[in-house]
Amino acid sequence: MNQEITKRILSSIIIMAIAFFFIIKGSFFFIFFLSICFFITSFEWYKMTKNKNYFLLGLAFLILSFLSAFLLRNIFLKDFILVILICISTDIGGFVFGKIFKGPKLTKISPNKTYSGMIGSFFLSIISALIYTNYYDLVYWTDDILLIAVILISSISQIGDLTISYFKRKSKIKNTGKIIPGHGGVLDRIDGMLFAIPFAFILFNYL
């Protein structure tokens, strides 16, 4: 178990460094990175659901999600980074708090999810968002609006995680792929972001 956690941590650090490099560079670099992620994710979704009648619906959602990521990054760069940070903190908080405090299971869809993990997801995402917005002096994010936005985005990210877990259970697989040590496939890694980013795009445009 310790070896698996070590692999998960190391791969997470490497993935985050690569992702933020392409996000910050923007332009062709971000389009290239986004395209690679889209094709890998679509292939993993195809392998998981190729004989299912919801394959095309899922593919259409992937297109919508990646298009939202492209638009959100180009229109609201700092806010896009905030969304990514919230989703990452949601994953890490859920994983760490779930491992430390354990407790009652959240749902049968994903047996590893616990109520303590859910609380940890909210807690770490709120702390990370406060540090980020204060560091970059994003004054338009007042504390009350930021708190609501973080809770909503983190909730959608967790719902996205559970949704992909549901489809994995239907397909009787543990992971969508093996490309990322300790995590599985790209779809396993960004499942929450796929749902949170389109939601955030609508939310930020409204705000």
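In this predicted model, the charged end of arginine 73 sits over the ring of phenylalanine 30, at 5.9 Å from the ring centre. A second contact of this kind involves lysine 25, which lies over the face of phenylalanine 29 at 5.0 Å from the centre of that ring.

Phenylalanine 29 also takes part in ring pairing, and the count of aromatic pairs in the structure comes to 21. One of them joins phenylalanine 21 to phenylalanine 29, whose ring centres are 6.4 Å apart and whose planes stand at 80°, so this pair is edge-to-face; the angle has to be over 60 degrees for that label. Another joins phenylalanine 22 to phenylalanine 32, again with 6.4 Å between the ring centres, but here the planes are at 45° and the pair is therefore tilted. This second pair links distant parts of the chain, since phenylalanine 22 belongs to helix α1 (residues 2-25) and phenylalanine 32 to helix α2 (residues 27-49), with their positions 10 residues apart in the numbering. Phe21, Phe22, Phe29 and Phe32 are among the members of one aromatic cluster, which also takes in Phe28 and Phe33.

The table lists how accessible the four paired rings' residues and two cysteines are.

| Residue | Relative accessible area | Class |
|---|---|---|
| Phenylalanine 21 | 42% | partly exposed |
| Phenylalanine 22 | 15% | buried |
| Phenylalanine 29 | 37% | partly exposed |
| Phenylalanine 32 | 42% | partly exposed |
| Cysteine 37 | 16% | buried |
| Cysteine 87 | 2% | buried |

Within the tilted pair, then, phenylalanine 22 is buried at 15%, whereas phenylalanine 32 is partly exposed at 42%. In the edge-to-face pair, phenylalanine 21 is partly exposed, and phenylalanine 29 is partly exposed as well.

Turning to the cysteines, the structure holds zero disulfides. The cysteine sulfur closest to that of cysteine 37 belongs to cysteine 87 and is 14 Å away, which is too far for a bond, because a disulfide requires the two sulfur atoms to be within 2.5 Å. Seen from the other side, cysteine 87 is in no disulfide, and the nearest cysteine sulfur to its own is that of cysteine 37.

Helix packing is the last topic. The axes of helix α4 (residues 77-101) and helix α5 (residues 115-135) come within 6 Å and cross at roughly 145°, and the crossing of α4 past α5 is right-handed. The residues that make up this contact divide into 11 nonpolar, 12 polar and one charged.

Methods: Residues numbered from 1 in each chain as written. Predicted model: local features only at pLDDT ≥ 70, side-chain atom pairs only at ≥ 80, totals over all residues. Heavy atoms only, no water. Phe/Tyr/Trp six-rings, centres within 6.5 Å; stacked < 30°, edge-to-face > 60°. Buried < 20%, exposed > 50% of the residue type's maximum accessible area, 1.4 Å probe, protein only. Helix = DSSP H or I, 4+ residues; strand = E, 2+ residues; numbered from the N terminus. Lys NZ or Arg CZ within 6 Å of the ring centre and 35° of its normal. Axes fitted to C-alpha atoms, helices over the stretch in contact; angles between N-to-C directions. Left-handed = near helix turned anticlockwise from the far one by under 90°. Nonpolar A, V, L, I, M, F, W, Y, C, P; charged D, E, K, R; others polar.
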